[in-house]
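Open the structure in your viewer and keep the selection box ready. This tour tells you what to pick at each stop.

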Amino acid sequence: MAEQEKSYVVQSVDDAINILMTVAEHPEAGVSEIARAAGVTKAKTFRLLRTLERRELVSQEPDGRWRLGNAILVLGTSASSQIDLVKLANPILEDLGLKTNETVQLRLRDKSEALCIAKYEPSRDLRVHAVVGRRRPLYAGSSKAIMAYLSEDERESVLPQELKAFTGNTITNRSRLFAELDRIRARGICISRGEVSDQLVAVSAPVFSADGSVFASINIAAPAFRTEDTDIERFIRLVAEAAGRISEGLGWKGDASLKGRMAS
């Protein structure tokens with residue numbers, strides 16, 4: 001098994017990561033010191049440092065010493081927020097899933113897509129199967145709960161030239177989509193009926209960060225055949241409460257009118 005795993009290693013990538021970690025452990029070190037600590041030749045170390053510098057993962061001081069670059073701050077902030085978010089959200093997702101006996105997902109905005117980073121699935125045989133790591137475009141289905149809170153310019157920037165239709169219910173007309181996004185924002189809840197899958201109903205609510213921006217959403221997904229209007233109304237209340245709990249855990253203060261709209 002160890003030999004098989006070793007065969008998958010790309011040596012240059014492994015060396016680059018080794019050098020990056022060495023710079024992190026030995027800030028302000030020179031090329032020779034980094035090469036010795038990383039166990040890589042000086043010539044290769046210099047080439048890899050220049051490559052990492054091009055992506056702003058490291059930077060060189062005027063005296064030739066190396067330190068971590070600005071891109072590391074972005075990676076660190078993103079990793080911290082995602083890890084903290086999942087840790088905070090998991091018990092809330094489970095609580096919501098137990099109350100509804102349906103699948104619950106937490107989606108995080110990643111540019112023009114929403115990425116599933118946490119989930120809860122009930123034990124019942126007929127359920128929606130969620131996959132951590134699966135991506136969906138922001139304009140389709142429950143992910144519109146995130147897109148609704150983008151500015152008009154941001155909305156345009158994340159939309160592809162042609163909106164792909166996943167089903168006959170997917171909104172592919174820009175004007176109709178923007179009008180729907182405005183309605184979602186006004187209500188604080190997104191209800192999706194068969195937009196990504198014909199047999200799927202989803203109810204989602206935005207997750208707010210401490211600065212008031214929306215960067216994630218939580219959704220309840222259920223098979224359409226067993227989801228009645230009374231279920232939808234109950235899901236709206238429960239998903240709004242769950243999204244509010246996550247948002248408050250992240251430091252969001254919110255305002256009474258918005259919380260009222262989300263729960264109503």
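Rings of Phe, Tyr and Trp (its six-membered ring) count as a pair if their centres lie within 6.5 Å. Keep in mind that this model is predicted.

**Stop one: the aromatic cluster.** Select Tyr149, Phe208 and Trp252, which form one aromatic cluster. Searching the whole structure gives two aromatic pairs. Look at Tyr149 and Phe208 to begin: they meet edge-to-face, 5.5 Å centre to centre, with 85 degrees between the planes. Tyr149 sits in the loop between helix 6 and helix 7, and Phe208 in strand 7, so this pair ties together parts 59 residues apart in sequence. Now turn to Phe208 and Trp252. Their ring centres are 4.5 Å apart and the planes are at 10 degrees, so this pair is stacked. Trp252 lies in the loop between helix 9 and helix 10, so the pair links parts 44 residues apart in sequence. Show the surface: Tyr149 is buried at 15%, Phe208 at 4% and Trp252 at 7% relative accessible area.

**Stop two: a charge over a ring.** Select Arg155 and Phe178. Arg155 lies over the face of Phe178, 5.7 Å from the ring centre.

**Stop three: helix 8.** Pick Glu180, in helix 8 (residues 174-187). Is Glu180 buried or exposed? Glu180 is buried, with 18% relative accessible area. Its side chain makes a polar contact of 3.0 Å with that of Arg183. Beyond neighbours within four places in sequence, Glu180 is in contact with Lys144 and Ile171.

**Last stop: the cysteines.** Select Cys116 and Cys190. Why is there no bond here? The sulfur of Cys116 is 16 Å from the closest cysteine sulfur, in Cys190, too far for a bond. The whole structure has zero disulfides.

Notes: Residues numbered from 1 in each chain as written. Predicted model: local features only at pLDDT ≥ 70, side-chain atom pairs only at ≥ 80, totals over all residues. Heavy atoms only, no water. Helix = DSSP H or I, 4+ residues; strand = E, 2+ residues; numbered from the N terminus. Buried < 20%, exposed > 50% of the residue type's maximum accessible area, 1.4 Å probe, protein only. Polar contact = N/O pair within 3.5 Å; in protein donor to acceptor, adjacent residues only side chain to side chain. Contact = heavy atoms within 4.5 Å. Disulfide = S-S within 2.5 Å. Phe/Tyr/Trp six-rings, centres within 6.5 Å; stacked < 30°, edge-to-face > 60°. Lys NZ or Arg CZ within 6 Å of the ring centre and 35° of its normal.
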